[in-house]
Amino acid sequence: MSESMTSTMTDEDFSKARHKALFNEVQHFLNPDEATLISLSDIKKLLKPDNEVYKGMMTVPVNLIVGSEGRYNDFDNRFFPKNLHLKARWEHIDMAHINDIPLPPISLYELGGVYFVRDGNHRVSVAKSKGIEFIDAEVVSLQSEIKLHPGDSFKKMTKHVINYEKRVFYTETGFGDATEFWTLDFSVPGQYDVIYNHILTHKYYINMNQSQEIGMDQAMQSWLMTVYLPVIRIIDKYHIMKYFRHRTKSDLYVWMIKYWDELKGKFGEGTTLEDIAAPFMKTFGESPLTHFKNKLKGLLFKKKIKIQN
């Protein structure tokens, strides 16, 4: 095949891949996270892997490569190129595929059963655009008990982590059996550790006035009845959830307790939960009217895109 013909083919291949990235971005305008290539750094903060294990050379399914260590802004979630400055390097790799020229293995991190590119982002992009199923790679595994699913957005991966944290919390503390309360749910990770520390603090202060130390089960029951549920009643009384859509009551409990502590530090211990309800909503919440306007804008945009297509 002549060089000019090959050059034309690589130019067309890149244009197709680039157009797919642009179209993918437009389709997910309202939910850009779903079209974003996942950052290894973000996933490491989420999963907190224990250590690294060198796995050596492996043949890796391309569909399990879901993110990148450093080039996550250059490619979309399907590894299509988002930027024109990638063209020369991308076409060079594509030309090697067309001419059956062997390429060196890529370098990957494995975490949670999926892979992130250390080196070789362009090679992965070309492989995905051509429907290649497997690629040779040198792999380092980051150890974690949490398993991730290829094709999931960062938001969905976050939900998997939260569900894992919930299972661990309920299993290791026996919270549900002790309290018969199973709906301690969060929209962000790391909050079950916060709850555990709240319970331990509550247990400490209770035992300061006890001749015989109460156990963890009693402390959890006491915390639920005298600390957690009173905050939930304030949330219900003032309809605070209307200002925090897509959040949970447990989210608000954690944030309101933190906010309450800050205000007590400024205005004194006499500051009550009733006192902070209105300023909490005003400072951190989104009014129902603003939410409705944003939702209407989103529906109108989706309708416009549908008409154009």
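Student: Which helix does asparagine 207 lie in?
Tutor: Keep in mind that we're looking at a predicted model. The helix to look at covers residues 191-207. Asparagine 207 falls within that stretch, so going by the DSSP runs, its helix is α7.

Student: Is asparagine 207 buried or exposed?
Tutor: Its relative accessible area comes to 16%. The cut-off for buried is under 20%, so asparagine 207 counts as buried.

Student: And which residues does asparagine 207 touch, leaving out those up to four places away in sequence?
Tutor: With those sequence neighbours set aside, asparagine 207 still has contacts. The residues it touches are Gln212, Glu213 and Ile214.

Student: On to charges: how many salt bridges does the structure hold?
Tutor: Side chains of opposite charge can pair when their charged atoms come close. One such pair here is lysine 130 with aspartate 13. For the structure, the number of salt bridges is twelve.

Student: How far apart in sequence are the parts that lysine 87 and aspartate 11 tie together?
Tutor: These two form a salt bridge, and their closest N and O atoms are 2.6 Å apart. Lysine 87 sits in helix α3 (residues 87-98) and aspartate 11 in helix α1 (residues 3-27), so the pair ties together parts whose separation in sequence is 76 residues.

Student: Which residues are linked with Lys87 in a network of salt bridges?
Tutor: Lys87 is partly exposed at 26% relative accessibility. Its network of salt bridges links it with Asp11 and Glu91.

Student: Where does aspartate 185 lie, given its salt bridge with lysine 166?
Tutor: The N to O distance in this pair is 2.4 Å. It links distant parts of the chain, 19 residues apart, with lysine 166 in helix α5 (residues 154-173). Aspartate 185 itself lies in the loop between α6 (175-179) and α7.

Student: Now the helices. Why is α8 called oblique to α10?
Tutor: The axes of α8 (residues 216-237) and α10 (residues 273-284) come within 10 Å and cross at roughly 50°. Under 35 degrees would count as roughly parallel, and roughly perpendicular runs from 65 to 115. The angle fits neither class, so the label is oblique.

Student: By class, which residues make up the contact of α8 with α10?
Tutor: From α8 come Pro230, Val231, Ile234 and Lys237, and from α10 come Leu273, Glu274 and Ala277. By class, that gives five nonpolar, no polar and two charged residues.

Conventions. Residues numbered from 1 in each chain as written. Predicted model: local features only at pLDDT ≥ 70, side-chain atom pairs only at ≥ 80, totals over all residues. Heavy atoms only, no water. Helix = DSSP H or I, 4+ residues; strand = E, 2+ residues; numbered from the N terminus. Buried < 20%, exposed > 50% of the residue type's maximum accessible area, 1.4 Å probe, protein only. Contact = heavy atoms within 4.5 Å. Salt bridge = Lys/Arg side-chain N within 4 Å of Asp/Glu carboxyl O. Axes fitted to C-alpha atoms, helices over the stretch in contact; angles between N-to-C directions. Parallel < 35°, antiparallel > 145°, perpendicular 65-115°, else oblique. Nonpolar A, V, L, I, M, F, W, Y, C, P; charged D, E, K, R; others polar.
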